[in-house]
Amino acid sequence: MSQRQSIRDASHLYEVERRVQHAARPGFRIMELQLSPTQKVPWHSHTNITDTFYVLEGHMRLFLQDPKVEVNLKPGEIHVVGAARPHLVTNGGTKSLTFLVLQGIGEYDYVPLTSS
């Protein structure tokens with residue numbers, strides 16, 4: 001995969017059922033996302049921040065690179081993705097997936113990835 005330019009707001013790059021920002025302060029934010037069974041958060045990474053995923057409802061399939069790993073999460077489970085590690089989030093179920101993502105500590109960016 002090759003890296004593209006970092007952007008500060010990725011909300012226009014992929015569609016979700018619902019997106020709510022619960023908290024934001026310099027260096028840290030909490031977002032809630034809801035994905036339909038066919039939606040996903042495309043392959044990307046973050047230059048400096050860690051993503052901590054916490055599933056509220058549904059089944060999350062989280063794919064990681066470097067090394068390749070698939071993580072399956074259900075309600076109440078968490079997984080941390082370190083800075084600069086490429087990842088993709090998909091809905092692994094037949095109903096909506098709702099999850100929190102805690103992002104920090106550092107300046108948020110979104111680095112979309114494409115196949116090389």
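What share of the contacts in the protein with a separation of 6 or more comes from residues 24 or more positions apart? Such residues account for 70% of these contacts, a contact being a pair of heavy atoms within 4.5 Å. The legends below describe a predicted model, in which local features need pLDDT of at least 70 and side-chain atom pairs count only at pLDDT 80 or more, whereas totals for chains, interfaces and linings use all residues. Residues are numbered from 1 along each chain as its sequence is written, and side-chain values use heavy atoms, with hydrogens and water left out.

**Figure 1. Overall view of the protein, with eleven strands and zero helices.** Helices (H or I, at least four residues) and strands (E, at least two) are DSSP runs, numbered from the N terminus. Along the sequence the elements follow the pattern β-β-β-β-β-β-β-β-β-β-β. The C-alpha trace spans about 35 × 35 × 25 Å along its principal axes. The radius of gyration, taken over C-alpha atoms, is compared with a globule rule of 2.2 Å times the number of residues to the power 0.38. For 116 residues a compact globule would have a radius near 13 Å, and the protein agrees with this at 13 Å. Of the 116 residues, 39% are buried; buried means under 20% relative accessible area, exposed over 50%, and partly exposed in between (1.4 Å probe, protein chains only). The accessible surface comes to about 6400 Å², of which 50% belongs to carbon and sulfur atoms. These areas come from the Shrake-Rupley method with a 1.4 Å probe, and for residues only the protein chains shown count as cover.

**Figure 2. Close-up of R29 in strand β3 (residues 28-35).** R29 counts as buried because its relative accessible area is 19%. Its side chain makes polar contacts with the side chain of Q103 at 2.6 Å and with the side chain of Y108 at 3.5 Å. A polar contact is a pair of N or O atoms within 3.5 Å; within protein, one must be able to donate a hydrogen and the other to accept it, and residues adjacent in sequence count only if both atoms are side-chain atoms. Not counting residues up to four places away in sequence, R29 touches Q21, A23, A24, V101, L102, Q103 and Y108.

**Figure 3. Close-up of the salt bridge between R18 and E32.** A salt bridge is a side-chain nitrogen of Lys or Arg within 4 Å of a carboxyl oxygen of Asp or Glu, and by this rule the count comes to two. In the pair shown here, the closest N and O atoms of R18 and E32 are 2.9 Å apart. R18 lies in strand β2 (residues 18-25) and E32 in strand β3, so the salt bridge ties together parts that are 14 residues apart in sequence. R18 is partly exposed, at 33% relative accessibility, whereas E32 is buried, at 11%.

**Figure 4. Close-up of N72 in strand β7 (residues 69-73), with the salt bridge between E70 and R61.** N72 is partly exposed, with a relative accessible area of 40%. Polar contacts join the side chain of N72 to that of H59 at 2.8 Å and to that of E70 at 3.2 Å. E70 in turn forms a salt bridge with R61, the closest N and O atoms being 2.8 Å apart. Both partners are partly exposed, E70 with a relative accessible area of 38% and R61 with 29%. Beyond residues up to four places away in sequence, N72 touches H59, M60, R61 and E77. The C-alpha atoms of N72 and A83, eleven residues apart along the chain, are separated by 20 Å.

**Figure 5. Close-up of a nonpolar surface patch formed by Y54, L56 and I78.** Patches are made of residues with over 30% relative accessible area and no salt bridge; like charges are joined within 9 Å, and nonpolar side chains (Val, Leu, Ile, Met, Phe, Trp, Tyr) within 5 Å. Together, Y54, L56 and I78 have about 250 Å² of accessible area. One of these residues, L56, lies in strand β5 (residues 50-57) and is partly exposed, at 34% relative accessibility.

**Figure 6. Close-up of G82 in the loop between β8 (78-81) and β9 (87-91).** G82 is partly exposed, with a relative accessible area of 32%. Not counting residues up to four places away in sequence, G82 touches I49 and T50. The C-alpha atoms of G82 and D66 are separated by 11 Å, and the two residues are 16 residues apart along the chain.
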